[in-house]
Amino acid sequence: ATRERTSLSPPRDAVDAARAFVRARSMFSSARVASAGADASASTSNVSRRRSNSRPKRSRAARASRLLRPRASAAFDWTPSDPRALRLAEPGAKPLRVAVLLSGGVDSSVALALLRAAGHECVAFYLQIWFQEDFRNTWDQCPWEEDLRVAESVCERVGVPLETVPLTDEYWNLVVKDSVEEIRKGRTPNPDVLCNSRVKFGAFREWLARTHPGEFDRVASGHYAAVERADVGELARLVMSGDAFKDQTYFLADLSQEQLGSVCFPVGGMPKAEIRALAASAELPNAGRKDSQGICFLGKVKFSEFIAEHLGEMPGDIIEVESGKVLGKHRAYWFHTIGQRSGLFLHGGPWYVAGKDCVNNIVYVTRDYYSLDKARDTFTVAGFNWISGQEPPLESIEGLRVKVRHGENIYACSFQFKDVDGERCGEVKIGQDDQGLAPGQYAVFYDGDTCLGCGKILEPNVGAIGFVPASRE
């Protein structure tokens, strides 16, 4: 039997979606469909017709922002022992008024402390996104409340006001909905890229313009990246951080020049150990707090569980590429991505996902992934965003490099623009094989340490094996 979620389209607001999510957990085991052999599009379209009619009231936290002002006695006279730590906090500029995105983590907290040490006037903002508060009956604790308590204690120490900003509906409409749809199509989206360009430096900036018009010169965060500005009126450049492993320019490559021109990343030029040392020196209450992991909107929710609730399950065949033999069943093709090993539950492995047939709901696997005749060094990208606002001459840049996922791996590459069915695309050839190229991933391009922008990897050159089933004699 095929398990289904209760709704693909979100209810009328994001908190209703959360409550529907919790209700769905108790209904999950009893959901049925008429035919286990229905294809993916039929299954999901049938499910999307079912809607929840319940309209519980939204909590006060979801309806309006909340302002916390520090005690009148709060003072902050800390400065780093090495003045170079202030380099990206614009210490030479006239005092700026800065809106600081504060998550409760050590990176954004140190960013706030550095801006205060550089003489700027700051207000901290905690973004309450999506439906995290509605999981209190499912998990041991509400995942955002602890973050907010930590953020409040940091603001007390640094002596700045903190305002919570409800962006739940914006997050659903701009990030979650698109990500779920991409996964349903068999692609590998990156919600964190969308979160930065559409929410943190998109919807939040729009909210500031409505509620605090003309009050702020900069929006700052604790991202591991640097913004370099030569002179007033010249383009801002997004530059890789001083920590190759933690560098987050990959997640920021979808920003526009307008967005980048008004942002500030005070901690981007230093490694994590130095940030920890600064937090301890400034006596920040979260100096020893562990880093958060995973997709920002999920909190403590497992990614596979989230997908199961929103797309359901649609069992299909797992087929070996070389023999065409059916080895077992998968829960649904959207739980798997190219190069994946975990979650297949097959004997005699290790087995790797080599391709997906999203029309016939088949996942193709192999034990010989690294020797298959599969293109792993060439792919096509489209849907470009160039941070400068203009298409860079990628074909002639010496030392052009590309990242295909977050992390320290970066490839030398060549690039050739081409038009495919009237769409501006590019063919990328990297200097070595990459075993996990998958459609929907972002490819982010660099000239030296400068991030130029990004495009999305398309289907034709990636995971192409297995789309035509082998003989099943």
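Which residue with a positive phi follows α4? In this predicted model, that residue is Gly119, and its phi is near 95°.

Helix α4 itself covers residues 106-117. Its length can be checked by simple arithmetic. At 1.5 Å a residue, twelve residues should span 16 Å. The end C-alpha atoms of α4 are 16 Å apart, so the model agrees with the expected value. The helix is also mostly covered, with eleven of its twelve residues buried. Among them are the aliphatic residues Val106, Val110, Leu112, Leu114 and Leu115. Polar side chains are covered as well: Asp107, Ser108 and Ser109 are buried in α4. Ala111, Ala113 and Ala117 complete the buried set.

A second site of interest is Phe216. This residue lies in a loop, with α7 (191-211) on one side and β5 (218-220) on the other. Is Phe216 buried or exposed? Its relative accessible area is 18%. Buried means under 20%, so Phe216 counts as buried. Its surroundings include residues from other parts of the chain. Phe216 and Ala99 are 117 residues apart in sequence, yet their C-alpha atoms are 6.3 Å apart in space. Ala99 is also one of the contacts of Phe216, along with Arg97 and Val98. Val123, Phe125 and Leu208 are in contact with Phe216 too. Neighbours within four places in sequence are left aside here.

Phe125 appears again in the interior. The largest nonpolar core has 59 residues, and Phe125 is among those with the most contacts inside it. The others named for this are Phe204, Leu260, Phe265 and Trp334. Helix α7 gives the largest share of this core, eight residues. A second core is separate and has 41 residues. Cys122, Ala124, Tyr224 and Leu284 belong to this second core.

The model also contains an open sheet of four strands. Their order is β10-β9-β12-β11, and the pairing is mixed. At the edges are β10 (326-330) and β11 (352-357), each of which pairs on one side only. From one strand to the next, the twist averages 30°. Strands of a sheet pair through backbone hydrogen bonds, in either a parallel or an antiparallel sense. For β11 and β12 (residues 362-366), the sense is antiparallel, over five bridges. Which residue of β12 is the bridge partner of Gly355? The partner is Tyr364.

Conventions
Residues are numbered from 1 along each chain as its sequence is written. This is a predicted model: local features need pLDDT of at least 70, side-chain atom pairs count only at pLDDT 80 or more; totals for chains, interfaces and linings use all residues. Side-chain values use heavy atoms; hydrogens and water are left out. Helices (H or I, at least four residues) and strands (E, at least two) are DSSP runs, numbered from the N terminus. The expected span of a helix is 1.5 Å times one less than its number of residues. Buried means under 20% relative accessible area, exposed over 50%, partly exposed in between (1.4 Å probe, protein chains only). Contact means heavy atoms within 4.5 Å. Two strands pair if DSSP finds at least two bridges between them. Axes are lines fitted to C-alpha atoms, for helices over the stretch in contact, and angles run from 0 to 180 degrees between N-to-C directions. A nonpolar core is a set of buried Ala, Val, Leu, Ile, Met, Phe, Trp, Tyr and Cys residues joined through side-chain atoms within 4.5 Å.
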